[in-house]
Amino acid sequence: MRNYYIAGNWKMHKTRAEAAELAKALAAQLKDGKHKYLVAPTFTSLETVGALIKGSNILLGAQNCAPEEQGAHTGEVSVLQLKDLGVHTVILGHSERRHIYKEDDELINKKVKLVLKHGLEVILCVGELLEEREARKAEAVCETQIVKGLAGVAAADLGRITIAYEPVWAIGTGKTATPEDADAIHAYIRKVVEKRYGAGAAADLIIQYGGSVKPENAAQLMAKENIDGALVGGAALKADTFVPIAKFG
Ligand code: PGA
């Protein structure tokens with residue numbers, strides 16, 4: 001039985017004071033929530049938010065990390081520094097990292113392995129561009145991103161991997177994949193994982209959907225067999241919209 005996992009990606013939003021206000025509201029309002037929850041503020045707010053959600057049922061996430069442990073890497077943040085701040089999970093391969101900052105599957109794979117090596121969890125994001133969907137390549141794109149992203153990851157570590165299927169054309173656009181379309185890709189992703197890691201690991205894998213998830217569409221998406229949660233961007237920036245998603249149904 002898979003537990004639902006709802007994560008909020010705050011992207012490059014909020015000062016520490018603003019982040020603190022949201023973290024306090026979420027800790028109070030999700031206290032009786034039944035699912036697994038995570039918030040991923042910017043690096044600069046991790047310590048503030050971490051202190052406010054400590055002891056709550058909300059985990060602390062980071063939005064990225066460097067592919068190396070330490071060294072001369074100006075502007076980068078190491079997984080060791082994130083661990084030191086109490087970070088539980090690192091989001092890797094987000095489409096904004098892939099497409100704006102040109103991160104490729106090899107770089108993302110290096111980060112995945114480093115985060116796992118240091119005992120943290122990973123949310124690995126995959127998803128196709130609009131032209132790839134129109135060319136009927138959505139499944140192939142997701143398969144490549146998963147196979148390359150998880151290259152060298154041992155079966156024993158798969159329990160610390162969550163996959164987030166985020167069609168790029170649905171992120172921040174207000175357009176959502178239909179629950180049926182999303183579920184079909186999720187089912188395909190589960191097959192890709194089954195081929196490499198076996199039926200048990202595939203059955204246990206949490207696959208989140210991301211891309212314009214809102215209070216109005218969360219329940220229909222979650223009702224699908226292969227949709228096990230959500231990675232939420234815009235609607236994660238306010239308690240008024242994140243809490244109803246987190247408590248969908
Ligand atoms: P969105 O972002 O909910 O604003 O579409 C989702 C994401 O990028 O994780």
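**Exercise 1. Determine how many helices and strands the protein chain has, and assess its compactness.**

Solution. The protein chain contains 11 helices and eight strands, where helices (H or I, at least four residues) and strands (E, at least two) are DSSP runs. Its radius of gyration, taken over C-alpha atoms, is 17 Å, close to the 18 Å that the globule rule gives for 249 residues, so the chain is as compact as a globular protein of that length. The globule rule is 2.2 Å times the number of residues to the power 0.38.

The model is predicted: local features need pLDDT of at least 70, side-chain atom pairs count only at pLDDT 80 or more, and totals for chains, interfaces and linings use all residues. Residues are numbered from 1 along each chain as its sequence is written, and side-chain values use heavy atoms, with hydrogens and water left out.

**Exercise 2. State what share of the protein chain is buried.**

Solution. Buried residues (under 20% relative accessible area, 1.4 Å probe, protein chains only) make up 52% of the 249 residues.

**Exercise 3. Describe the surroundings of the ligand.**

Solution. First, identify the residues: 13 lie around the ligand (a heavy atom within 4 Å), and K11, H94, E166, G172 and S212 come nearest.

Next, list polar contacts, pairs of N or O atoms within 3.5 Å:
- A side-chain N or O atom of K11 is 2.7 Å from a ligand oxygen.
- A polar side-chain atom of H94 is 2.6 Å from a ligand oxygen.
- A backbone N or O atom of S212 is 2.7 Å from a ligand oxygen.

Finally, consider the cover: the protein covers 95% of the 280 Å² of accessible area (Shrake-Rupley method, 1.4 Å probe) that the ligand has on its own.

Notes. A polar contact is a pair of N or O atoms within 3.5 Å; within protein, one must be able to donate a hydrogen and the other to accept it, and residues adjacent in sequence count only if both atoms are side-chain atoms. Buried means under 20% relative accessible area, exposed over 50%, partly exposed in between (1.4 Å probe, protein chains only).
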